[in-house]
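User: Could you take a close look at one part of this protein for me, the salt bridges and what surrounds them? I work at the bench, so please spell out the cut-offs as you go.

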Amino acid sequence: MPSGRGRGVAAVLATAAMAVLAACGGRRAAPQPASEPRTSPGARRLRRALAWIVPVLAMILLLGGGAAVYGIQSRQAAERWAADLTGGDPQRAPALILRNGCAGCHTIPGIDAARGTVGPALSGLADRAYIGGVLPNTPENLVLWLRDSRAVNPRTAMPSTRIPEAEARDIAAYLYAHGTRP
């Protein structure tokens with residue numbers, strides 16, 4: 001169920017769609033004056049078909065637009081939540097992820113080049129209980145893991161990146177924003 005502003009957008013679009021359908025169903029062909037020539041049965045069928053097709057297409061476009069708006073608003077809400085949680089900026093993370101080689105080992109949602117299979121896929125990270133199998137999943141622990149994983153677990157295959165804390169916070173914000181929590 002949509003929440004917040006998305007619920008308002010969904011309600012407006014649903015109302016508009018119902019109005020289009022009501023207008024479509026309530027429309028009847030006006031009687032033709034006797035002086036005008038009669039239309040062929042094929043033309044009448046075409047008009048009747050268009051009387052339904054046009055409103056249905058309009059409704060589909062309205063609902064599709066509503067879904068797009070809802071998706072954008074949901075993504076923005078997730079990014080705000082993750083930024084507040086980590087103190088990072090998820091918008092800066094894709095370039096950092098590529099520059100630091102994360103894409104070589106991990107599959108990361110939203111980053112087409114990140115199709116690595118050495119480490120785990122990082123989709124849904126926000127819902128996981130542990131990071132690297134050893135740390136409780138908190139923003140501070142994720143930042144620590146991203147910067148110096150071998151200090152936490154010397155046997156991990158993940159290298160210690162030694163990236164600055166601000167960059168680790170940006171990457172953490174991105175990974176949490178692409179989870180499923182908000």
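Analyst: Happy to, and a good place to start is Asp170, which counts as buried because its relative accessibility is 4%; here buried means under 20% relative accessible area, exposed over 50%, and partly exposed in between, with a 1.4 Å probe and protein chains only. Before going on, please note that this is a predicted model, in which local features need pLDDT of at least 70 and side-chain atom pairs count only at pLDDT 80 or more, while totals for chains, interfaces and linings use all residues. Residues are numbered from 1 along each chain as its sequence is written, and side-chain values use heavy atoms, with hydrogens and water left out.

Asp170 forms a salt bridge with Arg92, and the closest N and O atoms are 2.9 Å apart. A salt bridge here is a side-chain nitrogen of Lys or Arg within 4 Å of a carboxyl oxygen of Asp or Glu. Arg92 sits in the loop between H2 and helix H3 (93-99), whereas Asp170 belongs to helix H6, so this pair ties together parts that are 78 residues apart in sequence. Helices (H or I, at least four residues) and strands (E, at least two) are DSSP runs, numbered from the N terminus.

Arg92 has another partner: Arg92 and Asp89 form a salt bridge with the closest N and O atoms 3.7 Å apart. Arg92 counts as partly exposed, at 47% relative accessibility, and Asp89 is partly exposed too, at 25%.

Helix H6 also takes part in a salt bridge between Glu167 and Arg99, where the closest N and O atoms are 2.7 Å apart. Glu167 lies in helix H6 and Arg99 in helix H3, so the pair ties together parts that are 68 residues apart in sequence. Glu167 counts as buried at 17% relative accessibility, whereas Arg99 is exposed at 55%. As for shared partners, salt bridges join Asp89, Arg92 and Asp170 into one network. A search of the whole structure finds 5 salt bridges.

Now for the wider setting. The protein chain has 6 helices and 2 strands, and from the N terminus on its elements run α-α-α-α-β-β-α-α. Of its 182 residues, 30% count as buried. One buried example is Cys102, with a relative accessible area of 18%; Cys102 is in helix H4.

Helix H6 comes up again at the largest pocket, which holds about 510 Å³ of space. The residues closest to the centre of this pocket, out of 28 that line it, are His106, Pro120, Leu122, Trp145 and Met158. Helix H4 (102-105), strand S1 (130-131), helix H5 (139-152) and helix H6 (165-177) each give two or more residues to the lining, and H5 gives the most, with 3 residues. For the terms: on a 1 Å grid over the protein atoms alone, a pocket is an open set of points where a 1.4 Å probe fits, with protein on both sides within 12 Å along at least five of seven lines, and lining residues have an atom within 4 Å of a point. Grid points are joined across faces, edges and corners, and the volume is the space filled by probe spheres set on the points.
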